[in-house]
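Let's take a friendly walk through how some helices and strands are arranged here. Please have the structure open as you read.

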Amino acid sequence: MTVAGIKVSIKDMCQVVKMSDEFLRVARQEIKSEIDSLKKILLSCTNDKQLYAESNNIEKHMHKIKGLAPMMEQEKMGKIAKISDQIVKHVSSHGTLTGSHDIISEAVKRMSGLLYGDLDIQVDDFEKHVKNTYPDIFEL
Amino acid sequence: MSSIMLVDDSDAIRMVLKDILVIGKHDLVAELSSGIGVLEEYVKLRPDIVLLDMAMPKKDGLTVLKEIISYDPKARIIMISASDNQETVKECIRAGARSYVLKPFNFHEVLDIINRVSKS
């Protein structure tokens, strides 16, 4: 077969398929670690002002999840992280944002649920709520 | 076939990129999990291409990019990031990156970019 103009052998592809289970295991572990770090930050961060103070730190973890989650077929989690990343970036550059603490807490709760296989967790209502709350941020 | 240096703090991302390099029949000459020591490895190994993550603790990718370019202005560096911020992309290109791969990526995309950059 050919991938990006390169002839690829069955042996190469088998190696990749064999690696994919290991990839999922490692990726899941990394995402779990990022979510745990976010939970830990939120334990000592209970309002919008404190969230602003921790925004750079939160952004780093959200950024990691945003890039990695869709690659392990966790598209919903990736979408939540992408929306949250945008909010935290805004907080980081513009200052305290009313309601941001509640939204980021909800995002972390949903991502954690998704990681542990809760199939009932939805993203569309979260996205709609965030975009309605902060139309200015998501216009950009 | 190009010799590639891979720099990313995520084990999972490095794992996927190594698979991609196998498929593309490229030669992985070094693998680093942080920005620390990348320039030294680059000087020692002089790889054809560096795949460099942007967001890393201790030393970020942009700093490493600037260090390598200041040592070797012709270095072929491909940045990897989850940030689609156009200013970030422009800053990397201005600093000398040959291309920018957005996470999440796929096999085809990365191989196409590596092949294009290796021919440039």
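What follows covers a sheet in one chain and a pair of helices in the other. Please keep in mind that this is a predicted model.

## The sheet of chain B

Start with chain B, where 5 strands form an open sheet in the order 2-1-3-4-5, with parallel pairing. Strand 2 (27-32) and strand 5 (99-102) of chain B are the edge strands, so each of them pairs on one side only. From one strand to the next, the twist averages 20°.

Now look at strand 1 of chain B, residues 3-7: strand 1 runs parallel to strand 2 of chain B, and 5 bridges join the two. If you would like a landmark there, find B:Met5, which stands opposite B:Ala30 in strand 2 of chain B.

## A helix on the sheet

Helix 5 of chain B (residues 107-119) packs on this sheet, where it touches strand 3 (49-53), strand 4 (77-81) and strand 5 of chain B. The direction of helix 5 makes about 175° with that of strand 5 of chain B.

## Two helices in chain A

Over in chain A, how do helix 4 and helix 6 cross? The axes of helix 4 (residues 75-94) and helix 6 (residues 124-133) of chain A come within 10 Å and cross at roughly 15°. Angles under 35 degrees count as roughly parallel, which makes helix 4 of chain A roughly parallel to helix 6 of chain A. The crossing of these two helices of chain A is left-handed.

To see the contact itself, pick out A:Lys79, A:Ile80, A:Ile83 and A:Ile87 in helix 4 of chain A; they meet A:Phe126, A:Glu127 and A:Val130 in helix 6 of chain A. Sorted by class, this contact between helix 4 and helix 6 of chain A has 5 nonpolar, no polar and 2 charged residues.

Notes. Residues numbered from 1 in each chain as written. Chains lettered and ligands numbered in written order. Predicted model: local features only at pLDDT ≥ 70, side-chain atom pairs only at ≥ 80, totals over all residues. Helix = DSSP H or I, 4+ residues; strand = E, 2+ residues; numbered from the N terminus. Axes fitted to C-alpha atoms, helices over the stretch in contact; angles between N-to-C directions. Contact = placed C-beta atoms within 7 Å. Parallel < 35°, antiparallel > 145°, perpendicular 65-115°, else oblique. Left-handed = near helix turned anticlockwise from the far one by under 90°. Nonpolar A, V, L, I, M, F, W, Y, C, P; charged D, E, K, R; others polar.
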